[in-house]
Amino acid sequence: MNEANMSMLKISGLKVAYGGIKAVKGIDLEVNKGELVTLIGANGAGKTTTLKAITGTLPACKVEGTISYQGQPLKGTHSFQIVEKKLAMVPEGRGVFTRMSIHENLLMGAYTRNDKAGIDADVEKWYSVFPRLKERSTSMAGTLSGGEQQMLAMARALMSHPELLLLDEPSMGLSPIMVEKIFEVIRNVSKEGITILLVEQNAKLALQAAHRGYVMDSGAITMTGDAAAMLNDPRVQAAYLGE
Ligand code: ATP
């Protein structure tokens, strides 16, 4: 396997059960280095559970199967060690530090780095991508709108210089203009070479941005393939694109 299609993330036979609820029923999913892969599916399909299994943030529950990241098993890695492994997640509901300023949130994203000049340059970069964050840099993050918090959460995650970025429903609850902006940033980040696993309910936008896609339904992967081909697949169109 050459560098270009080296596996970044490989999930094999993942099963997760919350008590009697089988949320994930033995899935296989792979993301290669440099790819933007999307995992789409309806509410409750098991997408967030899959992301939490990767980051080690599941509540106490039964987990089977293997997850390897850059060729190393992730199982047993504590969530606080994830960032050191250059893996960042933007959770559903953003997860910004609401009682810290926008500026402090950005600096928190870089807590594993010690290149002050690089950190300052990155803060300025994100302020230029999201001017609204600059305007409000000293305000508490909790005072931002939902869309602005999404921007901050994304910028904070990218301040850690991740090699793999996990995004959980970045478009949720945002206005169409904000959704457009967030997807523009996702596409640009992907072009910069950062590998992305994007969980989305907005299947159309996600498949338009992604290289490959997986459809999850009731805890199982029911379809996978090239994103462009999936966009044209009548089964995907009927079930997820409202066409
Ligand atoms: P959504 O888009 O609504 O977030 P999802 O595809 O991300 O959906 P999950 O959140 O992974 O789905 O949920 C999968 C199933 O597991 C659902 O039936 C959900 O109710 C259940 N579930 C999720 N978290 C828990 C929990 N902590 N305890 C019990 N059941 C849970």
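Helix H1 gives the shell around the ligand its largest share, three residues. Keep in mind that this is a predicted model. If you're tracing that shell by element, look at helix H1 (47–55) and strand E2 (21–32), the elements that give two or more residues to it.

Now zoom in on the ligand itself. There are 15 residues around it, and Asn 43, Gly 44, Lys 47, Thr 48 and Thr 49 come nearest. Sort the shell by class and you get six nonpolar, six polar and three charged residues.

So what do the polar contacts look like? Start with Gly 44, where a backbone N or O atom sits 2.7 Å from an oxygen atom of the ligand. Lys 47 uses its side chain instead: a polar atom there lies 2.8 Å from a ligand oxygen. Then there's Tyr 18, with an N or O atom of its side chain 3.5 Å from a nitrogen atom of the ligand. As for cover, the ligand on its own has 630 Å² of accessible area, and the protein covers 65% of that.

Next, leave the ligand and find the pair of helices H2 (residues 102–109) and H5 (residues 146–158). Their axes come within 7 Å and cross at roughly 35 degrees, and the crossing is right-handed. On the H2 side, the residues to click on are Ile 102, Asn 105, Leu 106 and Gly 109, which meet Leu 152, Ala 155 and Arg 156 in H5. By class, this contact of H2 with H5 has four nonpolar residues, two polar and one charged.

Notes
Residues numbered from 1 in each chain as written. Predicted model: local features only at pLDDT ≥ 70, side-chain atom pairs only at ≥ 80, totals over all residues. Heavy atoms only, no water. Axes fitted to C-alpha atoms, helices over the stretch in contact; angles between N-to-C directions. Helix = DSSP H or I, 4+ residues; strand = E, 2+ residues; numbered from the N terminus. Left-handed = near helix turned anticlockwise from the far one by under 90°. Contact = heavy atoms within 4.5 Å. Nonpolar A, V, L, I, M, F, W, Y, C, P; charged D, E, K, R; others polar. Near = heavy atom within 4 Å. Polar contact = N/O pair within 3.5 Å; in protein donor to acceptor, adjacent residues only side chain to side chain. Areas by Shrake-Rupley, 256 points an atom, 1.4 Å probe, with all protein chains shown as cover.
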